[in-house]
Amino acid sequence: THHPKHSFPTRRSSDLFKRGWRKVNREEMMQLFKNEYGVDNREIKTFLSPGRVNLIGEHIDYNGGFVFPGALTVGIYAALSLRDDNKIRMRSKNVAGEVIVNLDEELVYKKEDDWGNYPKGVMKALKDLGHEVPGMDIVLYSNIPDGAGLSSSAALEVLMAYIILYLENPEQIDRVEVSKLCQKVENEFVGVNCGIMDQFAVAVGKKDHAILLDCASLYYEYAPLNLGDYSLVIMSTNKRRELADSKYNERRAECEKALEIINENKTEKLENLCQATLEDIESFIKDETIKKRAIHVVTENERVKNSMEMLKANDILGFGKLLTASHMSLENDYEVTGLHLDTLVHEALKIEGCIGARMTGAGFGGCAIALVDNAKVEEFKEKVSVAYKEVTEITPSFYTSNIGEGTHVLN
Ligand code: ADP
Ligand code: MG
């Protein structure tokens with residue numbers, strides 16, 4: 001019999017989440033595979049598909065602005081062996097049960113396949129394009145929470161696409177195409193209306209670099225992110241996102257309104273709100289709410305550009321200040337934060353050694369990020385945790401991560 005070096009949790013990842021994450025290496029994933037499927041002489045391949053975080057550039061992707069995400073050094077791991085038939089067996093250490101896919105049959109969305117629909121959708125999309133999807137046994141293990149805004153769904157989709165293409169030809173994987181295909185799967189097969197940022201960051205991520213990305217044109221550039229004496233701390237509110245969808249639509253409509261008003265007053269029409277100036281906003285928009293929304297958009301876009309400059313100049317302190325300014329704008333002008341995110345961020349900023357903090361993602365729950373002096377991280381987590389719990393009665397979770405590679409083989 002074989003014993004894993006560490007025991008893997010078998011509960012839902014929300015429990016795992018509370019227990020904090022643990023990094024896993026290739027050996028452990030191979031052991032996990034053997035525990036799940038038994039020992040034989042098949043070769044085991046291992047992969048890691050990271051979660052992602054948007055560092056700055058919030059709620060401007062639909063206004064023609066840039067997002068600025070990075071892939072994490074943690075995410076969803078996979079171990080697999082090929083089978084000599086057309087069956088795919090999938091297990092996840094984070095979810096009970098097994099999903100079986102027969103590649104000779106039509107691949108369709110099935111409610112009972114639950115999480116298996118993400119990889120199934122990817123298999124179908126690649127098959128439809130003429131790629132070979134081989135039979136395999138596969139087991140997953142994730143050390144990022146799902147449903148918390150770190151894009152576990154994108155990690156899962158890109159993981160499957162990468163695996164299939166890697167098995168076909170490791171030299172010819174077009175990561176941008178992978179991200180487009182996976183977004184399409186999430187939109188059409190799974191039925192979630194997400195943008196391209198998540199899949200893009202997961203697939204195209206680069207170690208110690210943020211990605212400056214125009215979601216409309218897919219123009220992108222890497223910016224060096226050498227945190228040096230600071231750590232990126234991800235703080236989860238541990239509160240499910242609420243209102244996010246309806247408020248998201250409301251904000252989009254407000255931005256459209258702002259653009260419309262400005263364009264009514266200008267002879268040279270703007271294509272999007274990010275092209276407006278603060279002067280345009282001040283002179284033409286009378287409604288205070290619409291004005292505030294537009295101010296966030298225009299200033300946030302500036303902050304993204306400034307972030308790029310700061311990082312190129314290795315000015316982490318300056319970058320930290322921009323993160324905080326972004327939060328204040330999202331809190332006061334765009335109004336998408338709420339008690340939980342605000343409490344995390346404000347408590348974080350009170351702690352010595354924290355040089356910047358902000359909510360990340362759509363808002364109303366999910367996660368916030370902070371840059372914290374390496375030597376102060378433990379103290380930081382403790383203090384913020386106590387203060388946050390006092391206000392919200394929820395214990396937050398903390399994760400430290402560097403910015404890592406996009407989906408890759410785990411050696
Ligand atoms: P997010 O992408 O923000 O984490 P989503 O709701 O978009 O949240 O995606 C979460 C879903 O992805 C889960 O409900 C599950 O179906 C799937 N998923 C994520 N991680 C895993 C995992 N480790 N094993 C199996 N399924 C997973
Ligand atoms: Mg998702």
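In this predicted model, the side chain of Ser 152 places an N or O atom 2.6 Å from an oxygen atom of ligand 1. The neighbouring position also takes part. An N or O atom in the side chain of Ser 153 lies 3.0 Å from an oxygen atom of ligand 1. Asn 94 addresses another kind of atom: a polar atom of its side chain sits 3.0 Å from a nitrogen of the ligand. In total, 15 residues surround ligand 1. Ser 92, Asn 94, Gly 147, Ser 152 and Ser 153 are the closest.

Helix α4 spans residues 152-168 and packs with helix α3, residues 117-128. The two axes come within 9 Å and cross at roughly 40°. Angles from 35 to 65 degrees fall outside the parallel and perpendicular classes, so α3 and α4 are oblique to each other. The crossing of α3 past α4 is right-handed. From α3, the contact draws on Tyr 118, Pro 119, Val 122, Met 123 and Leu 126. From α4, it draws on Ser 153, Leu 156, Glu 157, Met 160, Ala 161, Ile 164 and Leu 165. By class, 10 of these residues are nonpolar, one is polar and one is charged. Ser 153 thus appears both in this helix contact and among the residues closest to ligand 1.

Helices α9 (residues 288-312) and α10 (residues 316-332) pack at about 170°, with axes 10 Å apart. An angle over 145 degrees counts as roughly antiparallel, and α9 and α10 are therefore roughly antiparallel to each other. On the α9 side, the contact consists of Lys 292, His 296, Thr 299, Glu 300, Arg 303, Asn 306, Ser 307, Met 310 and Leu 311. On the α10 side, it consists of Ile 316, Gly 318, Phe 319, Leu 322, Ala 325, Ser 326, Ser 329, Leu 330 and Asn 332. The composition is mixed: seven nonpolar, eight polar and three charged residues.

A further pair is formed by α11 (residues 339-350) and α12 (residues 377-392). Their axes lie 9 Å apart, at an angle of about 145°. This crossing is right-handed. Leu 339, His 340, Thr 343, Leu 344, Glu 347 and Ala 348 of α11 meet Phe 380, Val 384, Ala 387, Tyr 388, Val 391 and Thr 392 of α12. Eight of the contact residues are nonpolar, three are polar and one is charged.

Note on methods:
Residues numbered from 1 in each chain as written. Chains lettered and ligands numbered in written order. Predicted model: local features only at pLDDT ≥ 70, side-chain atom pairs only at ≥ 80, totals over all residues. Heavy atoms only, no water. Axes fitted to C-alpha atoms, helices over the stretch in contact; angles between N-to-C directions. Helix = DSSP H or I, 4+ residues; strand = E, 2+ residues; numbered from the N terminus. Parallel < 35°, antiparallel > 145°, perpendicular 65-115°, else oblique. Left-handed = near helix turned anticlockwise from the far one by under 90°. Contact = heavy atoms within 4.5 Å. Nonpolar A, V, L, I, M, F, W, Y, C, P; charged D, E, K, R; others polar. Near = heavy atom within 4 Å. Polar contact = N/O pair within 3.5 Å; in protein donor to acceptor, adjacent residues only side chain to side chain.
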